[in-house]
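This report describes a single-chain model for a reader at the bench. Confidence comes before the packing and the charged pairs.

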Amino acid sequence: MQMKQLRKIAFLLIATVFASSAAAQTVVKGQVVSVSTNESLAGVSVTTIDNTVGTVTDLNGYFELKVAPNANLTFTYLGFKTLTVFVGGKSNLGTISMAEEDVLLKDVVVTASVVVDRQTPIASSTIDPLKIEEKLGTQEFPEILKSTPGVYATKEGGGFGDSKVNLRGFKSENIAVMINGVPMNDMEWGGVYWSNWAGLSDVTRSMQVQRGLGASKVSAPSVGGSINIITKTIDAKKGGSASYGIGNDGYNKYLFSVSSGLLKNGWALTLLGGKTWGDGYIQGTGFQGYNYFLSVAKRLGESQQLSLTAFGAPQVHDQRSSYDGLSIQGWQEAKKYMLPGEQYRYNPIYGFGKNGEYKTSAKNKYHKPQISLNHIWQITPTSSLSTALYLSIGDGWGYSGQGTSSTYANYWYGASNGVLNTTFRNPDGTFAYDKIQELNESSINGSQMVMSVSKNQHKWYGLLSTYTGKLTENIDYYAGIDGRYYIGTHTNEIIDLYNGDFYLDIRNRPLVKAENNKAAADPNWVYQKLTVGDVIYRDYDGYVVQEGVFGQIEYNKEKLNAFFSGSFNNTSQWRYDRYYYDAEHAKSETVNAIGYTVKGGVNYNLNNYHNVFANIGYISRAPFFSGGAFLSSATSNTTNPSAVNEKIFSVEGGYGFRSRFLSANLNLYHTEWKDKTMARQIEVTSANAVIDRALINMQGVNSTHQGVELELTAKPINWLELTGMLSVGDWKWTNDPVGYFYTSNGQPVTKNYEIASGIQAEDHASSKLVLNGVKEGGSAQLTSALGANFRLGHGVRIGLDWNYFGRNYADWSFSASSDLVIGGEKTFATPWIIPDYHTFDLNASYSFYMGGFRTNLSGNINNLFDQEYISQAYDGSNHDWQSAYRVFYGFGRTMSVRLKINF
């Protein structure tokens with residue numbers, strides 16, 4: 001859809017909103033209390049039944065809301081049964097009593113480790129479904145968190161699902177993502193691909209960001225924090241919805257959901273399905289994705305509940321590679337290739353073949369369904385057992401260009417260190433894939449460049465079980481087991497010879513050693529003619545098995561809440577390689593590592609308005625499979641002789657204030673991260689030929705992350721909510737690590753690449769990184785936000801949000817080829833600071849009845865004033881803007897509208 005059409009739609013939406021704000025209204029107020037204790041309940045969500053007008057109760061349980069005289073109000077609160085009250089023209093509803101939810105549903109919340117305000121001593125922010133629906137628009141799920149303290153979310157290269165999120169300066173592999181208490185992070189390297197979870201926002205009951213140690217009880221902890229998502233299950237209301245949305249650059253999304261609610265026979269069903277497709281904001285990044293969610297639950301008598309949940313999001317999308325960011329000067333030169341004002345949408349790998357067919361060298365297709373069977377058993381009034389048996393099956397691939405030399409292989413990228421690749425470049429700026437085809441056609445030695453797909457499949461089985469009980473009236477305890485079995489299969493298969501007759505893998509096969517694979521003893525094996533479907537570069541299975549136990553004890557009495565917890569786990573990792581090793585040598589040795597956590601905290605409510613909290617903890621975490629346990633996990637069975645557990649020490653303190661009109665949270669944190677694993681490989685050449693891949697582990701990389709965070713919510717009048725956030729971080733490296741070199745078979749080497757006398761002996765070649773005091777890059781260390789949400793009339797909501805990002809140091813790439821010198825050292829300096837920037841986002845919605853159905857028309861304009869800004873970059877040799885490379889600019893103004901019908 002053209003931008004002009006979207007502007008017309010946005011204008012009509014806003015006009016409708018303002019025209020409707022004069023509808024008949026009445027101000028209604030009341031107080032919410034617990035039916036069992038008669039104590040006031042703070043933070044209860046009070047909304048109209050269509051979720052278009054709402055507020056939350058203050059510290060004393062009071063609320064005030066402007067609604068239609070005949071409105072129905074819905075009261076929801078975690079741990080309590082949802083309640084609906086008819087206003088009936090009253091201005092004062094008096095005291096409204098809410099009953100506690102069945103213990104079965106409360107146990108779901110406990111298992112998912114949700115922070116409770118003024119009770120759990122953890123810094124956290126909670127995003128409710130209404131905010132997600134209002135603010136998200138066409139943004140990706142992590143971007144809804146950008147107004148949260150400590151969070152920095154970007155779109156990376158700009159492709160569908162390619163976004164990333166950092167928390168307190170820690171990257172995704174150090175942020176735990178949990179859905180209904182089940183871990184989602186990849187077992188081999190720890191990260192999360194958000195394209196696998198498109199549509200999850202539509203079934204989210206609660207989303208909570210826990211910063212620092214977090215409240216998670218599982219045995220594999222996070223470092224920077226955790227993102228806990230609870231989906232709708234048996235508590236979903238009866239009914240459903242259908243929606244259709246459109247946005248800029250051909251964005252389309254339709255979605256439906258239906259729920260039976262809890263039936264009299266104890267069954268409940270929730271089903272969701274949808275499709276999203278578009279051309280992409282970035283040139284040549286078209287996408288298509290589906291998403292589904294199924295939850296079937298059954299109450300088994302009064303004391304047990306069984307539920308089956310399955311969700312997934314199969315997708316395929318073209319990309320702009322994360323390596324294809326240009327220099328700042330390069331982006332200015334890209335103006336000649338694009339329409340005015342659109343040079344930052346330029347994609348250096350967008351191009352065509354000899355017959356005019358569209359081509360790209362970066363494409364991703366993946367499907368990762370998650371299936372979970374959950375059983376909750378209320379054994380006695382004071383004890384329960386919650387168990388989740390889950391399965392994850394991943395299947396997909398990404399393009400991986402290959403070449404007979406490193407030069408040819410690198411040509412598949414549109415840029416190199418920020419400089420546009422001109423070898424295969426047409427005058428109009430498109431990538432000349434036709435020239436690659438011509439190169440291969442003219443070669444008597446077969447294709448010099450071919451396209452392969454990097455296939456990544458996995459099967460992941462897990463068991464998570466938690467027992468909850470009481471020691472005394474004021475002391476609760478939890479104990480559980482956490483077991484996981486994971487196998488990931490990784491291959492590279494040729495899919496396109498690009499008009500050549502065959503391909504010789506003379507770049508990788510010469511590195512296969514005869515003592516590891518008998519096939520390499522035949523000199524002709526290197527020159528075997530390969531074709532489409534043949535495997536090159538890698539073919540291996542990665543195994544990760546983890547067994548863990550955990551426990552926690554809590555003390556809750558009047559103003560004081562405290563906890564102490566610990567966990568213990570054993571991680572076993574091994575490889576089975578079919579490319580560099582024959583069957584006799586295929587299985588590596590098993591790397592075992594013991595990890596553990598110890599943490600505790602206390603919260604004290606000084607009075608009804610003020611509380612203070614503190615927590616402290618220590619984590620010893622096993623190295624990841626990739627880049628940790630193995631020096632080169634993709635190509636070698638060589639284990640890392642210097643791999644040690646990463647150690648994390650964290651201490652935090654905070655203060656909270658709650659009143660009827662204002663809530664505020666202030667916290668300070670200090671985290672020390674020691675022995676971070678950094679394993680790399682470097683090609684060793686002789687007579688201009690690659691003879692081996694030298695491996696190195698930079699042992700003992702340390703850093704410190706500390707800062708202060710402030711979060712505010714004010715409600716000066718019942719139709720206006722103001723929000724604010726400030727986060728100031730200080731994240732830097734704190735030592736100068738030294739690493740030692742090994743051959744691909746794990747033998748120590750000298751500076752001349754001869755076998756050394758021993759590991760870390762005097763002649764064992766090493767390399768040093770001078771990092772002490774250097775700022776960490778890749779995430780803004782100063783962020784702030786202000787927001788205003790208006791409820792102008794019946795069904796009318798408008799929101800405006802301002803976000804600021806500063807002290808964003810350019811990231812730096814620890815590259816073995818450029819930063820490591822055998823027997824030398826590399827000195828790093830403080831990276832270039834990316835210019836500060838700020839953006840405005842606007843959202844508006846109007847709810848009305850159409851044909852007897854509750855209908856919502858909503859719209860979003862992100863980056864309202866079309867701010868031009870750099871979202872990420874890599875630091876260059878001179879630590880300034882001229883030498884910065886892999887620079888990406890953020891998206892300009894984007895718009896979307898959506899119509900949703902509820903039934």
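Asp675 belongs to strand β36 (residues 662–676); helices (H or I, at least four residues) and strands (E, at least two) are DSSP runs, numbered from the N terminus. The model is a predicted one, in which local features need pLDDT of at least 70 and side-chain atom pairs count only at pLDDT 80 or more, while totals for chains, interfaces and linings use all residues. Residues are numbered from 1 along each chain as its sequence is written, and side-chain values use heavy atoms, with hydrogens and water left out.

**Confidence**

The chain has a mean pLDDT of 90 (pLDDT is the predictor's confidence in each residue, from 0 to 100), and 93% of its residues reach 70 or more. Residues 15–23 have pLDDT below 50, and this stretch has 14 contacts in the model beyond near neighbours in sequence; contact means heavy atoms within 4.5 Å. Residues 105–111 also stay under 50, with 22 contacts beyond four places in sequence. Where pLDDT is low, the predicted coordinates should not be read in detail.

**Backbone**

Asp675 is not a glycine, yet its phi is positive, at about 60 degrees. Asn863, also a residue other than glycine, has a positive phi near 55 degrees. Asn863 sits in the loop between β48 (853–862) and β49 (870–874). The relative accessible area of Asn863 is 4%, so this residue is buried. Buried means under 20% relative accessible area, exposed over 50%, and partly exposed in between (1.4 Å probe, protein chains only).

**Nonpolar cores**

A nonpolar core is a set of buried Ala, Val, Leu, Ile, Met, Phe, Trp, Tyr and Cys residues joined through side-chain atoms within 4.5 Å. The largest one has 40 residues, and those with the most contacts inside it are Phe141, Ile144, Leu145, Trp194 and Met207. Among the elements that each supply at least two residues of this core are β9 (151–154), β13 (204–211), β31 (535–557) and α7 (625–629). Strand β11 gives the largest share, three residues. Another core, of 18 residues, lies apart from it and includes Leu326, Tyr346, Trp832 and Ala884. In soluble globular proteins, nonpolar side chains tend to be buried together.

With neighbours within four places in sequence left aside, Ile144 is in contact with Ile127, Lys131, Ile132, Lys135, Leu136 and Met207. Ser206 is found in strand β13 and is buried, with a relative accessible area of 8%. On the same basis of leaving aside neighbours within four places, Ser206 is in contact with Thr126, Ile127, Asn228, Ile229 and Ile230.

**A three-stranded sheet and helix α6**

Three strands form an open sheet in the order β22-β21-β28, with mixed pairing; two strands pair if DSSP finds at least two bridges between them. Strands β22 (358–359) and β28 (431–432) are at the edges, each pairing on one side only. Strand β21 (residues 351–352) pairs with β28 in the parallel sense over two bridges, and Gly351 has Phe431 of β28 as its bridge partner.

In helix α6 (residues 433–441) the buried residues are Tyr433, Asp434, Ile436, Gln437 and Asn440. Viewed down the axis of α6, these fall within an arc of 155 degrees (the arc of the directions from the helix axis to the C-beta atoms), so they line one face of the helix. They pack against β21, β22, β28 and β29 (449–472).

**Salt bridges**

There are 28 salt bridges, each a side-chain nitrogen of Lys or Arg within 4 Å of a carboxyl oxygen of Asp or Glu. Three pairs are tabulated by closest N and O atoms.

| Acidic residue | Basic residue | N to O distance |
|---|---|---|
| Glu133 | Lys900 | 3.0 Å |
| Glu143 | Lys155 | 2.7 Å |
| Asp675 | Lys647 | 2.9 Å |

Glu133 lies in helix α3 (residues 129–135) and Lys900 in strand β51 (residues 894–902), so their salt bridge ties together parts that are 767 residues apart in sequence. Glu133 is partly exposed at 33% relative accessibility, whereas Lys900 is buried at 15%. Glu143 and Lys155 are both buried. Lys647 is in strand β35 (residues 646–658) and Asp675 in β36, so this pair ties together parts 28 residues apart in sequence. Lys647 counts as partly exposed, at 23% relative accessibility. Arg168, Arg211, Glu652 and Glu709 are joined into one network by salt bridges that share partners.
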